[in-house]
Amino acid sequence: MVDQKKLVEVAKETLARKDVKYIIGYKKGSYGFQTSAAFAYTPKDVEQFIFTPLCNKNLAKYPLKEEKLPLKRGEEEDKRKIGIVVKGCDSRAITQIIQENGMNREEVVLLGIPCPGVINQKEIEKRFPNQSEITEINEINDEYVFTIEGKEHKIPKQELLAEVCKTCDYPNPVLYDVMIGEEVEVNPKEEYEGIKELEEASLEDRWEYWEEQFQSCIRCYACREACPLCYCSTCMADLLEPQWIRRSVNLSENTAWNIMRAFHLAGRCINCGACENACPMDIPLMELNKKLGKEVKEMFEYTPGLDIDAKPLLGSFNPDDPEEFIK
Ligand code: SF4
Ligand code: SF4
Ligand code: SF4
């Protein structure tokens, strides 16, 4: 478990710096097993910071969303840095964004959290439905421990751990200014095991599978809003001229949206699972993301979000790049 006191102490020290505007961390949510992003402008705000197994959102989404607000007439841009609490996957998202020139390294101060893994939100909400009371969860000796209506529950970690965390190769931040705690041990497992069955299915069966999934998409775009790498100021899905995707919610347009989303993340997705976590229709978006990630790795030996000085996959060319797919 991350030392909460240390987290608050480091965040306060960082906020006291003259060149830091505010810090983004996690706080308890307003109900059940939710946590939410917290924006700390004062030392008092920092005191609400937590890091628990429920901190499963990707905070790399927020600096861009916040900073993209237009300035008022005559308003000067505030160029102070933004502090962000980052797990391994948040730090990879920031790294990828910097690599793509979406932000500069100097614009952020990263408070690194060695991440022991987070809880699968949907799984815990399934087991304890309609839980409105704010519930805090601690990890003790490979068990998640929490109390609901006076009753203590202990659930083995592996039963509730998010799927992405089970195969995470980078739980420790790859980019940070200060690390809060000792690095956690990395036990890499077969990352693509979960998509093996689908890969082995016939083309017809795969198509049928995805048709069924996309049929239920309601085009709420929660997947896009949760994704730290979906930061274009105008998403192609919202364009009216040219209109790439019609507004109608039907299989054809839903398929277009989901394929477009997945392809825009190819070579950029850092496997945080925030999109799938946000999807209210339980569409297995990580299966698509993983498949594209696997293809990219095998074809170009490229893993996104590891090095701010590397070139983005689609912005680089190597004469030895495979081209069998170009007819
Ligand atoms: S994917 Fe890795 S860094 Fe991200 S929450 Fe899971 S274990 Fe932590
Ligand atoms: S979050 Fe799910 S339902 Fe909403 S647009 Fe994305 S895939 Fe469709
Ligand atoms: S596509 Fe999903 S898993 Fe990939 S970076 Fe975006 S939110 Fe994370």
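Helices, written α, are DSSP runs of at least four residues, strands, written β, are runs of at least two, and both are numbered from the N terminus. By that count this protein has 13 helices and eight strands. The model is predicted.

**Stop 1: the whole chain**

Show the C-alpha trace. Along its principal axes it spans about 60 × 55 × 40 Å. The radius of gyration is 20 Å, close to the 20 Å that the globule rule gives for 327 residues, so the protein is as compact as a globular protein of that length. Of the 327 residues, 33% count as buried. Now think about contacts between residues at least 6 apart in sequence. Of these, 73% join residues at least 24 apart.

**Stop 2: two domains**

Colour residues 4-69 and 78-179 as domain 1, then 193-314 as domain 2. Their C-alpha centres lie 23 Å apart. At the meeting place, 25 residues of domain 1 are in contact with 22 residues of domain 2. Which elements give two or more residues to the domain 1 side? Select α3 (61-67), α4, α5 (121-127) and α7. The largest share comes from α4, with eight residues. By class, this side has 10 nonpolar, seven polar and eight charged residues.

**Stop 3: ligand 1**

Select ligand 1. Around it are Lys87, Gly88, Cys89, Cys115, Gly117, Val118, Ala162, Val164, Cys165, Cys168, Pro171 and Cys272. Two elements, α4 (88-99) and α7 (163-166), each give two or more residues to this shell. The shell divides into nine nonpolar, two polar and one charged residue.

**Stop 4: ligands 2 and 3**

Go to ligand 2. It has 13 residues around it, and Cys217, Cys220, Ala222, Cys223 and Cys279 come nearest. The shell holds 11 nonpolar residues, one polar and one charged.

Next, select ligand 3. It too is surrounded by 13 residues. The closest are Cys227, Cys269, Cys272, Ala274 and Cys275. How many charged residues does this shell have? It has none: the residues divide into 10 nonpolar and three polar. Notice Cys272, which is among the closest residues to ligand 3 and is also listed around ligand 1.

**Stop 5: Cys217**

Click on Cys217, in the loop between α9 and α10. Is Cys217 buried or exposed? A residue is buried if 20 or more other C-beta atoms lie within 10 Å of its own. Cys217 has 22 C-beta neighbours inside that distance, so Cys217 counts as buried. Leaving aside neighbours within four places in sequence, Cys217 is in contact with Asn254, Asn258, Met281 and Ile283. Add Pro280 to the view. It is 63 residues from Cys217 along the chain, yet their C-alpha atoms are separated by 8.7 Å.

**Stop 6: two helices to compare**

Select α9, residues 203-215. At 1.5 Å a residue, its 13 residues should span 18 Å, and the end C-alpha atoms are indeed 18 Å apart. This helix is hardly covered: one of its 13 residues is buried.

Then select α13, residues 285-300. Its 16 residues should span 22 Å, and its end C-alpha atoms are 22 Å apart, which agrees. Buried here are Leu285, Met286, Leu288, Asn289, Lys290 and Gly293. An α-helix has 3.6 residues a turn, so residues three or four places apart point the same way. What do the buried residues of α13 pack against? Show α7, α10 (222-226), α11 (251-264) and α12 (274-278).

**Stop 7: unusual backbone angles**

Most residues other than glycine have a negative phi, and most peptide bonds are trans. Look for these exceptions.

- Tyr221 is in the loop between α9 and α10. Its phi is near 65°. With 17 other C-beta atoms within 10 Å, Tyr221 is partly exposed.
- Asp282 is in the loop between α12 and α13. Its phi is near 55°. With 10 other C-beta atoms within 10 Å, Asp282 is exposed.
- Glu301 comes just after α13 and takes a positive phi of about 50°.
- Pro242 lies in the loop between α10 and α11. The peptide bond from Glu241 to Pro242 is cis, with omega near -5°.

**Last stop: Pro188**

Find Pro188 in the loop between β8 (178-179) and α8 (196-200). Pro188 is exposed, with 9 other C-beta atoms within 10 Å. Now select Lys166, 22 residues away along the chain. The C-alpha atoms of Pro188 and Lys166 are separated by 8.4 Å.

Note on methods: Residues are numbered from 1 along each chain as its sequence is written. Chains are lettered from A and ligands numbered from 1 in the order in which they are written. This is a predicted model: local features need pLDDT of at least 70, side-chain atom pairs count only at pLDDT 80 or more; totals for chains, interfaces and linings use all residues. A residue is near a molecule or strand if its C-beta atom, placed from the backbone, lies within 6 Å of it. Ala, Val, Leu, Ile, Met, Phe, Trp, Tyr, Cys and Pro count as nonpolar, Asp, Glu, Lys and Arg as charged, and the others, Gly among them, as polar. The expected span of a helix is 1.5 Å times one less than its number of residues. A residue is buried if 20 or more other C-beta atoms lie within 10 Å of its own, exposed if 12 or fewer, and partly exposed in between; C-beta atoms are placed from the backbone. Two residues are in contact if their C-beta atoms, placed from the backbone, lie within 7 Å. The radius of gyration is taken over C-alpha atoms; the globule rule is 2.2 Å times the number of residues to the power 0.38. Domain bounds come from an automatic or database domain assignment.
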